[in-house]
Amino acid sequence: MRLRAAVLAAVLGLTLGACTGGTDVPGDPPSAAETSVEPVPASPEAPSPVSDGPDSAAAAAKRLCEVSEPKSNAASDVPAEGPTPAVIEQVMRQVAQLRGFDYSQRVVAEPVSQAEIGRDILRFSDITYPEGQYARRSIAWDTIGVIPDGTSLRDAYESYGSSQVIGYYDTVTGELKFTGSESPSPLERITLAHELTHAIDDQRFGLERLDVLGADCKDEDASAAIALVEGNATFFMLRWARTFLTLAEQVQVGVEAAAQDTSTEGVPPFVAQLQAWPYDQGMRFIAAIEARGGLDAVDEAFVDLPTSTEQIIHPERYPNDAPTPVGVPDLSAELGPGWKDLDVMSIGEAWLQTALGLRLDGSEAVAATAGWDGGTYRAWSNGTDTAVELSTVWDTTRDAEEFAASMTDWVDQGDGSATVLDPEGNAVTVLFASDPATLQALETAIA
């Protein structure tokens, strides 16, 4: 899948480098300073065992998960008849050249309108964003304070996707669609190169594994894998553009890109930023590991998928710094009659960093979340009120204290009911509630 705002931002970076003669453009190998490997801090103490019983957060997450793994449509598995347009076939050969291996089977790339892609996105919504689960998650995120009151996450994702997606590759059917024509412009060919990178990666490595992660509601694992896949497609899209477009075409693309509408009006900033995050940060991850070990290192990342957004943000932590599992006990009985699980979600560095950045300076959000080692929230509701416990662990006690301090500032700048508990070693717990009375009940329940 390719998002309009993300591709155009990357393209503008490309053309800026072309116009100014600069070398530090997206997708270029990073400088020595950017790829230097920092030591990975060790946690000061062994994590406590995480419960996996019927009342555990893991069991609740599995019970609440409604996402379905996409099923293949036999009719869609048959490639369309007829020759592939010459210019599209040329881009395929060029992508294969850059990627270092060839396609194992034919890819049918269908140029379509933005309206058709928008309709497809809405058609996929029932699978990707199940109504019940996303209604519950909307309440949890609203209670935490990262989306406005009354926001429907499902509607927000649908709105963002139907307006911002300008191409997609379906790992189940092998269907590839992009906005354009059979004689695509340079800008349309850039989008095509991105989607063809998805296709060649899928044929080589089997990207349906991402569908499985999504169907299992493994949110953090899925976010990391998506960043790898989208970052790789963005990286090779830009490498394709620098290699096969003339300087004049690159400048033309920049002019066209600057004129495109990338507005996300009506979509909560938190949602828009989370959707765009995999493209930029994932591209930086690919650039770092390619500089470290060449195309073999990139291929190995597709075999051994990153398991956390921390590894994407800090490539030096891939693949050895696995996150620490974090559990949250069931407090429904302590909260009182009628309370039951509402939502459970694994929370990674990217999610926390984006959340803090809604109210705090971006550099503070980055610094405050840099020592992340694991996180989970669990939410409960009695049908009227909502309570959320966010439990996190950090690499060091200092990291925990820095996060707690920044999170306290973040809570103080909001108007919701929340409190940050004093760190316990390298662990920090944050409580959120729909109202002050519920927050007090949650504090009592956790004591």
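In the predicted model, Ser-417 is buried, its relative accessible area being 13%, a value that falls under the 20% limit for burial. This serine belongs to strand β8, which comprises residues 417–420. When neighbours within four places in sequence are set aside, the residues in contact with Ser-417 are Leu-431, Phe-432, Ala-433, Asp-435, Pro-436 and Leu-439.

The protein as a whole contains 18 helices and nine strands. Of its 447 residues, 52% count as buried. Among contacts with a separation of 6 or more, 77% are accounted for by residues 24 or more positions apart. The accessible surface of the protein amounts to about 19,000 Å², and carbon and sulfur atoms contribute 51% of this area.

The largest nonpolar core consists of 52 residues, of which Val-95, Tyr-103, Leu-176, Leu-192, Leu-196 and Trp-240 touch the most other members. At least two residues of this core are supplied by each of α4 (86–99), β4 (176–179), α8 (186–205), α9 (208–215), α10 (219–244), α12 (269–303) and α13 (309–313). Helix α10 provides the largest share, with twelve residues. For Val-95, the contacts outside its neighbours within four places in sequence are with Tyr-103, Ala-193, Leu-196, Thr-197, Ile-200 and Trp-240. A second core, separate from the one just described, is formed by 42 residues, including Ile-144, Tyr-157, Leu-352 and Val-430.

Helix α11 was examined with respect to its length and its two faces. The helix spans residues 247–259, and its 13 residues reach 19 Å from the first C-alpha to the last, close to the 18 Å expected at 1.5 Å a residue. Its buried residues are Gln-250, Val-253, Gly-254 and Ala-257. These residues lie on the same side of α11, because the arc they cover around the axis is only 100°. In general, an α-helix has 3.6 residues a turn, so residues three or four places apart point the same way. The exposed residues Ala-248, Val-255 and Ala-259 are carried by the face of α11 turned away from the buried side. Helix α11 thus presents Gln-250, Val-253, Gly-254 and Ala-257 as its buried residues, whereas Ala-248, Val-255 and Ala-259 are exposed on the face turned away from them.

Key
Residues numbered from 1 in each chain as written. Predicted model: local features only at pLDDT ≥ 70, side-chain atom pairs only at ≥ 80, totals over all residues. Heavy atoms only, no water. Helix = DSSP H or I, 4+ residues; strand = E, 2+ residues; numbered from the N terminus. Buried < 20%, exposed > 50% of the residue type's maximum accessible area, 1.4 Å probe, protein only. Contact = heavy atoms within 4.5 Å. Expected span 1.5 Å × (residues − 1). Arc of directions from axis to C-beta. Core = buried A, V, L, I, M, F, W, Y, C linked by side-chain atoms within 4.5 Å. Areas by Shrake-Rupley, 256 points an atom, 1.4 Å probe, with all protein chains shown as cover.
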